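Visitor: Could you take me through the disulfides of this chain, one by one? I'd like to know where they sit and how far to trust the model around them.

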Amino acid sequence: MVSQQSNRRPFRAAAVVAGVLLGLASPAAASAAPQADEFFVQTSVLSPSDPDDKVVSNPPDLTMLEVNRRRHGMYAVADSKQFASDPKARPRTAATSFWDECLKKKPVEIDAKAGWLKNHYDYCARGKVRLIFQGKRDNGTIYEKGRITLPFIGVGEGSKTERRVKMTFRFEADKVTRSGEIPANAEITMTAFCKGFNGVDKTFGASKTCKMSQATGPGEPVTLTKKVSDWLANSDLELEANSDAAWVDADPKAKAFGSREKVAVANLGMQFNGDVPGWSHNGSEPFMGWQTSVRFDSAEYLKAGASGENPSVGGEGAVFYDIIPSLEYDYQDKTIPNPADPSKPTYRGVHEVAAHIWQAFVSPDTTTPPDASKLIPGASNNLGDTLGRLYWDQGRRDANYNKSKYNCDKYFGTDPEKECDEFPFQSTYEGSAWHKYNPSIPDTQFSVKLISKHDNGEAGTRLSRWYSNDRILDWNWTVSDDLNGKLEDDFFVRIANPPAP
């Protein structure tokens, strides 16, 4: 949906900004017949930290390779305490506006091409649209008549209950810079799109499964042209992209790509183009403002973990995909025993699980089963080190459990007050039975340990709730082993406050 809200984050002194700050030419001058030297508008988009005179090139549409490069370069951390079984243990943080967070982000931390992702649900795009108005003399030489640079901000919001994402966009009128002559009738055309990736759309039909609300159909753009002064004077512009699960089912390639979760992954972004009506040679090619990947799903099994702090997690949702999420356990988060009833601790922590995972990360050669050369995945978002959720294959989950229990019994025996903890988790493809399903993987790339059943149970509860909250799917798609031929829904684990080396 494209709509302009009134009374939301109004621009300061819009009329003054449009007419005085920019120093626009008078309407009378704008309506006069074009001069012989009025020639061309050069449009480009800069990163927030770029100087206004920087020379930049127009980036191409997103490729699958670029999406994977971004995913393995950006990550988000979720504190497991926010999914604690005891509501009183969950951190209390002051409510803040993500819009404000986006504005406060240091310019050097935001790339105009990729933006900044806080997590699966919060996306921040910032940059500067630069228009250079050029003239052409009788001898054919080109010269600059004037220029204007308009900083912008866009904030995206995913959904835990619907197959849609929302973007709110505006130019920051109080930060505009200009020089020379700026024609009063100068225009900017904004084009918002949700489409397939460059070069691979025919492979999985993404252009048929994502639609801007006011577009004529899936994959079609929404275009809005206004005078520069009108862009600055108006309130926020709201955009919405959605994906109907029926569109996935209707296209054979999209259906094969989406699997049982009816996944659709698309390129969401915005282009800009400047123009001056009546000039002898109008605007240049549209320049890419920002673009990011979004993932829509209909995973009914995510409702299973939708309890406590996640009652609103539904069977449908949408996330920003250019990021790999992670769950963080705190090494210092210790269970507090209850002397009156040892079976019901005063507080259930996850220290023993965190300590086990930390050992697996930093000293895998000391873990069980013994193997001096083992490497255990899951510690980072580096390629080949992430984990994948295992949901659909109950037999493989059982195989993970059985192999872990066998090794616990073999090396530690049994203890009624303890349980067998395994890492990677039983609910991942990289669990203890990984070798059985991928013989090229050594048979010892996991760790087991007997730990407190309270810590083990609490860590499992938090993991399950995080799976739902962050919409972690048992889904991947591969046509080749290189990064331009695969997409997956992977994650990794972090340990906070570990012991000093």
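Guide: Start with the part to be wary of: over residues 1-36 the pLDDT stays under 50, and the model has 71 contacts beyond four places in sequence for that stretch. This is a predicted model, so keep that in mind when you look at the N-terminal segment. The chain as a whole averages a pLDDT of 88, with 88% of the residues scoring at least 70.

Now to the cysteines. Taking sulfur atoms within 2.5 Å as the rule, the count comes to 3 disulfides. Number the bonded cysteines along the chain and the pattern reads 1-2, 3-4, 5-6.

Take Cys102 and Cys124 to begin with: their sulfur atoms lie 1.9 Å apart. The torsion about that S-S bond is about 65°, so the disulfide of Cys102 and Cys124 is right-handed. It links distant parts of the chain, with Cys102 in helix α4 (residues 98-104) and Cys124 in strand β5 (residues 122-136), 22 residues apart. You'll find both Cys102 and Cys124 buried.

Moving along, Cys194 is joined to Cys210, with an S to S distance of 1.7 Å. Here the torsion about the S-S bond is about 90°, so the link between Cys194 and Cys210 is right-handed. This pair, too, connects distant parts of the chain. Cys194 belongs to strand β9 (residues 187-195), while Cys210 is in the loop between α5 (201-204) and β10 (211-212), which puts the two cysteines 16 residues apart. As for burial, Cys194 has 0% relative accessibility, so it counts as buried. Cys210 likewise counts as buried because its relative accessibility is 0%.

That leaves Cys408 and Cys420, a disulfide with its sulfur atoms 2.0 Å apart. With 80° about the S-S bond, the link of Cys408 and Cys420 is right-handed. Again distant parts of the chain are tied together: Cys408 comes from helix α10 (residues 394-412) and Cys420 from strand β18 (residues 418-423), 12 residues apart. Cys408 has a relative accessible area of 1%, and since the cut-off for buried is under 20%, Cys408 is buried.

Notes
Residues are numbered from 1 along each chain as its sequence is written. This is a predicted model: local features need pLDDT of at least 70, side-chain atom pairs count only at pLDDT 80 or more; totals for chains, interfaces and linings use all residues. Side-chain values use heavy atoms; hydrogens and water are left out. pLDDT is the predictor's confidence in each residue, from 0 to 100. Contact means heavy atoms within 4.5 Å. Helices (H or I, at least four residues) and strands (E, at least two) are DSSP runs, numbered from the N terminus. Buried means under 20% relative accessible area, exposed over 50%, partly exposed in between (1.4 Å probe, protein chains only).
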